[in-house]
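Subject: Structure handover

Hi,

Here is the structure I promised to pass on. Have a look at it first, and then read my notes underneath.

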Amino acid sequence: MLNDILAFLLSTFLIAPLQSELAARLENAPRQVVTDVTACVTQATPALLARATQDPWWAISTGIGIWIGRLPAESTLRDAAPGCGPALNAARPFLNRT
């Protein structure tokens, strides 16, 4: 039960802001770019949750940093899922249009 609560909190305060930030910035991107980046978020979720459970301060500061715009969501995603590099490179022209 405690694990479920922790997963919910991490999903709400880390994964959701990450997804929301990327979705907002990719609003005008081609559908394939959005699909690829969304798949990367899904791929990165277990790594993000694992890191957050090991380092709660990182999770808190990263979630807040993304939410207030101080920390680029794509750098957090790239760190969590290095295989997402090609998708993020394709999205870069759209991500820079904030």
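At roughly what angle do the axes of helix α2 and helix α3 cross, and within what distance do they come? Before the answer, one caveat: this is a predicted model.

**The α2/α3 pair**

Two packed helices are described by the angle between their axes and the distance between the axes. For helix α2 (residues 31-54) and helix α3 (residues 56-68), the axes come within 5 Å and the crossing is at roughly 120°. Angles of 65 to 115 degrees would count as roughly perpendicular and angles over 145 as roughly antiparallel, so α2 ends up oblique to α3. If you want to pick out the contact on screen, select L48, R51, A52, T53 and Q54 on the α2 side, then P56, W58 and A59 on the α3 side. Sorted by class, that contact has five nonpolar residues, two polar ones and one charged one.

**The whole chain**

Zooming out, the protein chain has five helices and zero strands, and reading along the sequence gives α-α-α-α-α. The radius of gyration is 13 Å, close to the 13 Å from the globule rule for 98 residues, so the chain is as compact as a globular protein of that length. If you need box dimensions, the C-alpha trace spans about 40 × 25 × 20 Å along its principal axes. Of the 98 residues, 37% count as buried. As for contacts with a sequence separation of 6 or more, 69% of them are between residues 24 or more positions apart.

**The core**

Which residues touch the most other members of the largest nonpolar core? They are L18, L22, L26, V37, L48 and L77, out of 27 residues in that core. The elements giving two or more residues to this core are α1 (2-25), α2, α3, α4 (73-80) and α5 (85-95). Helix α2 has the largest share, with seven residues. L48 also turned up above, on the α2 side of the contact with α3.

Two of these core residues are worth a click. Leaving out residues up to four places away in sequence, L18 touches V41, L48, I66, A73 and T76. L22 sits in helix α1 and, with the same neighbours in sequence left out, touches V37, V41, A73, E74, L77 and L95. Is L22 buried or exposed? Its relative accessible area is 3%, and the cut-off for buried is under 20%, so L22 is buried. For a distance check, L22 and T38 are 16 residues apart in sequence and 8.6 Å apart in space, C-alpha to C-alpha.

**A few other residues**

- R25 is in helix α1. This arginine is buried, with a relative accessible area of 14%. From R25 to G65 it is 40 residues in sequence and 16 Å in space, C-alpha to C-alpha.
- R78 is in helix α4 and counts as partly exposed at 28% relative accessibility. Beyond residues up to four places away in sequence, R78 touches G85, L88, N89 and R92. The C-alpha atoms of R78 and L88 are separated by 7.7 Å, with the two positions 10 residues apart along the chain counted as their separation.
- P93 is in helix α5 and is partly exposed, with a relative accessible area of 45%. P93 and P56 are 37 residues apart in sequence and 32 Å apart in space, C-alpha to C-alpha. P56 is one of the α3 residues in the contact with α2.

That's everything from my side.

Cheers

Notes: Residues numbered from 1 in each chain as written. Predicted model: local features only at pLDDT ≥ 70, side-chain atom pairs only at ≥ 80, totals over all residues. Heavy atoms only, no water. Axes fitted to C-alpha atoms, helices over the stretch in contact; angles between N-to-C directions. Helix = DSSP H or I, 4+ residues; strand = E, 2+ residues; numbered from the N terminus. Parallel < 35°, antiparallel > 145°, perpendicular 65-115°, else oblique. Contact = heavy atoms within 4.5 Å. Nonpolar A, V, L, I, M, F, W, Y, C, P; charged D, E, K, R; others polar. Core = buried A, V, L, I, M, F, W, Y, C linked by side-chain atoms within 4.5 Å. Buried < 20%, exposed > 50% of the residue type's maximum accessible area, 1.4 Å probe, protein only. Rg over C-alpha atoms; globule rule 2.2 N^0.38 Å.
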